[in-house]
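Reader: Could you take me on a close look at one part of this model, the strand that opens the chain, and then show me how its surroundings fit together? I'd be glad of one connected answer that I can follow with the structure open.

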Amino acid sequence: MIRIENLSFIYEGSEKKALSSLSLHIPKGSFAGVTGASCSGKSTLLRAVAGIVPHFMRGRFFGAVKVNGVDTLDTSPQKLAATVGFLGEDIESQMICETVEEEILFGLENFAVPHGEIEGRIERVMEMFSLAPLRKRKISSLSGGQRQKTALAAVIALSPQLLILDNPSAELDPVATESLYEALSALNSRGVTIVTAEQKPGILCRFATHMTVMSEGRAVLNGSAQQVMDETELLRSAGVMLPRRAELSGRLAAEGLYRGGTPLNIPSAAEMIRGMAQ
Ligand SMILES: Nc1ncnc2c1ncn2[C@@H]1O[C@H](COP(=O)(O)OP(=O)(O)OP(=O)(O)O)[C@@H](O)[C@H]1O
């Protein structure tokens, strides 16, 4: 679904490569998680997949990004948006309507979703993000987390085939983050390809089928969540903050007490401890 070939990008006015000779393949149906330290290039990578780089955010672009076989240089982000949902870090700039309902409705009308389908889609995303009580509320009166949920709901209501989310948990509390990832996982199991970037890999490794670690504009690690999370030294050197369960398994392994892989979730961490106690 996404094929990136030898991509380098330098923002206009900058001399530094935000992306450097990056090649990556994300198959259709994946739940891909992109992680890495601040300024490692995660947002730029996602913007390149959505065509925002270099169409809206200009600069020197080398290599190719193909989405569903279409070269993003040969199409516009508006055309891509028919199948690609993108929510960037700066959600404020993506929200243009006065109320929650209008914000979700705007995209649906803009993409000429048949009238008979609109109410069903609005209700579905309202339920997904517990937004029903906020339906008529002004966006200016919402908390950061409520705005984030509204922006996510507006993108998901468009039923994209590919959903790209940059730091979607930024304004969400842990419970809302958990429900967001469960909702994304449910969409993924219905065939939607998902690409999300997060600085911390703890939530990604629980849900992603595929992970990429960025460092200085390069993809320094790429593979299944287990393969990536087992590379603890490389993750540390890329400035990635390991989840506590990975710190724990790493220390136990260094002391010769544990030989398995990094536990990706709490049940597998419990399994690790149970195994040692026996
Ligand atoms: N609009 C821009 N103009 C110029 N340089 C930019 C712009 N956006 C990002 N950069 C630069 O590109 C590089 C990669 O930034 P990017 O935002 O892609 O990293 P990131 O991993 O998403 O960071 P963060 O986790 O802090 O959001 C950095 O050196 C950054 O300063």
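Author: What follows starts at strand E1 and works outwards through its sheet, the helix that lies across it, the second sheet, the ligand and a few single residues.

Happy to do so, and please keep in mind that this is a predicted model. Let's begin with the strand itself. Strand E1 covers residues 2-11 and is joined to E2 by 5 bridges, the two running antiparallel. On E1 there are also 8 bridges to E4, again with an antiparallel run. Arg3 is a good residue to click on: it stands opposite His25 in E2, and its bridge partner in E4 is Lys66. Further along, Phe9 stands opposite Leu19 in E2. As background, strands of a sheet pair through backbone hydrogen bonds, either parallel or antiparallel.

How enclosed is E1? Of its 10 residues 7 are buried, so E1 is largely enclosed by the rest of the structure. One residue of the strand deserves a pause, and that is Asn6, which lies in E1. Its phi is near 50 degrees, a positive value in a residue other than glycine. Most residues other than glycine have a negative phi. Asn6 counts as partly exposed because its relative accessibility is 48%, a value between the 20% and 50% cut-offs.

Now step back to the sheet as a whole. E1 belongs to an open sheet of 4 strands, ordered E2-E1-E4-E5 and paired antiparallel. Its edges are formed by strand E2 (19-26) and strand E5 (70-71), each of which pairs on one side only.

Across this sheet comes a helix. Helix H1, residues 42-50, lies across E1, E2 and strand E4 (59-67), and runs at about 120 degrees to E1. Just beyond that helix, Pro54 sits in helix H2, residues 52-55. The peptide bond leading from Val53 into Pro54 is cis, with omega near 10 degrees.

H1 also brings us to the second sheet. This one is open as well, with 6 strands in the order E6-E7-E8-E3-E9-E10 and mixed pairing. At its edges are strand E6 (84-87) and strand E10 (218-223), each with a single partner strand, so one side of each is left without a neighbour in the sheet. From one strand to the next, the twist averages 15 degrees. Towards the E10 edge, strand E9 (residues 210-215) is joined to E10 by 5 bridges and the two run antiparallel. Within that pair, Ser215 has Arg218 of E10 as its bridge partner. H1 packs on this sheet too, touching strand E3 (31-36), E6, E7, strand E8 (193-197) and E9, and its direction makes about 150 degrees with that of E7. Another helix, H7 (residues 144-156), lies across E6 and E7 and runs at about 170 degrees to E6.

The ligand is a good next stop. It is surrounded by 15 residues, and the closest are Ser38, Cys39, Lys42, Ser43 and Thr44. A polar side-chain atom of Thr44 is 2.5 Å from a ligand oxygen atom. For Gly41, a polar backbone atom is 3.0 Å from an oxygen atom of the ligand. Glu89 has a side-chain N or O atom 3.3 Å from an oxygen atom of the ligand. Taken alone, the ligand exposes 630 Å², and the protein buries 71% of that.

Three more residues round off the tour. Ser169 is placed in the loop between strand E7 (162-166) and helix H8 (174-189). With 14% relative accessibility, Ser169 counts as buried, because the cut-off for that is under 20%. Leaving aside neighbours within four places in sequence, Ser169 is in contact with Gln148, Thr177, Leu180 and Glu198.

Leu235 is in helix H11, residues 232-237, and counts as buried at 0% relative accessibility. Beyond its neighbours within four places in sequence, Leu235 is in contact with Val213, Leu221, Val228, Met229, Val240 and Leu242. The C-alpha atoms of Leu235 and Arg60 are separated by 29 Å.

Ala112, finally, is in the loop between helix H5 (100-110) and helix H6 (115-128). It has a positive phi of about 50 degrees although it is not a glycine. At 61% relative accessibility, Ala112 counts as exposed.

Key: Residues are numbered from 1 along each chain as its sequence is written. This is a predicted model: local features need pLDDT of at least 70, side-chain atom pairs count only at pLDDT 80 or more; totals for chains, interfaces and linings use all residues. Side-chain values use heavy atoms; hydrogens and water are left out. Buried means under 20% relative accessible area, exposed over 50%, partly exposed in between (1.4 Å probe, protein chains only). Contact means heavy atoms within 4.5 Å. Two strands pair if DSSP finds at least two bridges between them. Axes are lines fitted to C-alpha atoms, for helices over the stretch in contact, and angles run from 0 to 180 degrees between N-to-C directions. A residue is near a molecule or strand if one of its heavy atoms lies within 4 Å of it. A polar contact is a pair of N or O atoms within 3.5 Å; within protein, one must be able to donate a hydrogen and the other to accept it, and residues adjacent in sequence count only if both atoms are side-chain atoms. Accessible areas come from the Shrake-Rupley method with a 1.4 Å probe; for residues, only the protein chains shown count as cover.
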